[in-house]
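Colleague: I'd like to learn how to read a protein model without getting lost. Could you walk me through one, feature by feature?

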Amino acid sequence: MRMPLVEMPELKLDSDCGTPLFDQLYQTIRQRVLNRLLSPGTRLPSSRNLARQLGIARNTVIAAYEQLIAEGYLESKSGSGTFVTEELPEAWFQADTQPSSARQPLQTIELSNYADVIKGENIREMGSNQGFTVGIPDLKAFPAKLWNKVSNSIPQAGLTELMGFQYPQGLPELQEAITDYVRSSRAVRCEPDHVVITQGAQQALDLCARLFLNPGDPVAMENPGYIGAQRAINATGAHIIPLPVDEQGVVVSALEQLHPPPKLVYVTPAHHYPLGNVMSLQRRTQLLNWATTHNSWILEDDYDSEYHYQNRPLASLQGLCENSRVIYIGSFSKVLFPALRLGYTILAPQPDRCVYQGQNGT
């Protein structure tokens, strides 16, 4: 049974804070759904009424509603209105509602033999250019004049600094820029120190595989899936287990049947490669809960999240869980040009708490 219409007179937006009104409204409603301040089945005010109540344009409310519907937090029923999704998993809520005594730390991270060798080091101090080729953007549309103008504006001293090896983890300014970018566009939780610049996403995949896997370790991958990730994992001698994929993404129930549980799970939740499916919010929740329960890691390859016909990109899997067991990989090959070979991976800090509750209560 549908719950009655809920009014939100206490909802306030700040037009002077620098954050777009659309984003403020989207974040506020999303947070209330996750905190259970808006229960499943609750009917929200119409876009017209809420816009009048807040004194903002109706299109701003519509945009926020559409984004929340696309991410699975809300659902729209023709002739009835907009509702909080009824099938939102009951285990999903903010850890901030838990007393600190109820938060349990996860187990110690177990790295590979390769990682043991390098962990003492101080890391701080493909194809044709024809159209419709997989992984290749429209190179003719590249803003070459603007690129050259920006490149020529770099002082000689600054250019010389960029040529050295003094920043093995990446130029600090670039780490900060990527941090700001993924926070705002993908809702990724990170600090600049978590960002490692790589020579494209493939090197990031190889790096993560070498750090986390030993020969024989079980690794689950989407089937069908990205052959480049499969090659990187095979190079470590790990054992790959194929996982079926349906219209909601990877089938987590198949993952739950594996014994022993895989040490690593590779997924492309924003846009499955090559089928193009988007992983549903319920599947994302199940996958995060499974990883927490089994002390496993999720490798999220966000290979083309910038490309969307409608709405803005969905929030990342990594961003759903604070200090999560998700390693996030991105690349600029498809928004700039592949020969640039500029990618990044965002490594999680030592996990200590999550914003959802797993099946075992952790």
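Modeller: Sure, we'll take the sheet, then the helices, then the aromatic rings and a few single residues. Keep in mind that this is a predicted model.

Colleague: Let's start with the sheet. In what order do the eight strands come?

Modeller: Reading across the open sheet, the order is 4-11-10-9-8-5-6-7, and the pairing is mixed.

Colleague: Why is one side of strand 4 and of strand 7 left without a neighbour?

Modeller: Strand 4 (195-198) and strand 7 (249-250) are at the edges, and each has a single partner strand, so one side of each has no neighbour in the sheet.

Colleague: And how do I see the mixed pairing on an actual strand?

Modeller: Take strand 10, residues 326-331. With strand 11 (residues 343-346) it pairs in the antiparallel sense, over four bridges. There, Ser331 sits opposite Gly343, and Gly330 sits opposite Tyr344. With strand 9, strand 10 pairs in the parallel sense, again over four bridges. On that side you'll find Leu299 opposite Ile327.

Colleague: Is strand 10 buried or exposed?

Modeller: Six of its six residues are buried, so strand 10 is largely enclosed by the rest of the structure. Look at which way they point, too: Val326, Tyr328 and Gly330 go one way, while Ile327, Ile329 and Ser331 go the other way.

Colleague: Now the helices. Which strands does helix 9 lie across?

Modeller: Helix 9, residues 227-234, lies across strand 5 (218-223), strand 6 (239-246) and strand 8. Its direction is at about 170° to strand 5.

Colleague: If two helices pack on each other, what should I look at?

Modeller: Two things describe a packed pair: the angle between the axes and the distance between them. Here, helix 8 and helix 9 pack at about 35°, and their axes are 8 Å apart. The crossing of helix 8 and helix 9 is right-handed.

Colleague: Which residues make that contact?

Modeller: From helix 8 you have Gln202, Leu205, Asp206 and Ala209, and from helix 9 you have Gly228, Ala229, Ala232 and Ile233. Sorted by character, the residues of this contact are five nonpolar, two polar and one charged.

Colleague: Next, the rings. How many aromatic pairs does the structure hold?

Modeller: It holds six. To describe a pair of rings, you give the distance of the centres and the angle of the planes. Try Phe212 and Trp297: their pair is tilted, with 5.3 Å centre to centre and 55° between the planes.

Colleague: Why does the pair of Phe212 and Trp297 tie together separate parts of the chain?

Modeller: Phe212 belongs to helix 8 and Trp297 to strand 9, so the pair joins parts that are 85 residues apart in sequence. Phe212 has 8% relative accessibility and counts as buried. Trp297 is buried as well, with a relative accessible area of 4%.

Colleague: Can you show me an edge-to-face pair?

Modeller: Tyr226 and Tyr273 form one, at 5.7 Å centre to centre and 85° between the planes. Tyr226 is in the loop between strand 5 and helix 9, and Tyr273 is in the loop between strand 8 and helix 11 (281-294), 47 residues apart. Tyr273 is partly exposed, with a relative accessible area of 25%.

Colleague: Which residues do ring pairs link into a cluster?

Modeller: Tyr181, Tyr328, Phe332 and Tyr344.

Colleague: Last topic: single residues. Where does Pro262 lie?

Modeller: Pro262 is in the loop between helix 10 (252-256) and strand 8. At 0% relative accessibility, Pro262 counts as buried. Leaving aside neighbours within four places in sequence, Pro262 is in contact with Pro218, Val219, Ala220, Leu255, Trp290 and Ser296. For Pro262 and Ser296, the C-alpha atoms are separated by 6.8 Å, although the two are 34 residues apart along the chain.

Colleague: And Thr60, is it buried or exposed?

Modeller: Buried: Thr60 has 18% relative accessibility, and the cut-off for buried is under 20%. Thr60 is in helix 3, residues 58-70. Not counting residues up to four places away in sequence, Thr60 touches Leu21, Phe22 and Leu25.

Notes. Residues numbered from 1 in each chain as written. Predicted model: local features only at pLDDT ≥ 70, side-chain atom pairs only at ≥ 80, totals over all residues. Heavy atoms only, no water. Pairing = 2+ DSSP bridges. Helix = DSSP H or I, 4+ residues; strand = E, 2+ residues; numbered from the N terminus. Contact = heavy atoms within 4.5 Å. Axes fitted to C-alpha atoms, helices over the stretch in contact; angles between N-to-C directions. Left-handed = near helix turned anticlockwise from the far one by under 90°. Nonpolar A, V, L, I, M, F, W, Y, C, P; charged D, E, K, R; others polar. Phe/Tyr/Trp six-rings, centres within 6.5 Å; stacked < 30°, edge-to-face > 60°. Buried < 20%, exposed > 50% of the residue type's maximum accessible area, 1.4 Å probe, protein only.
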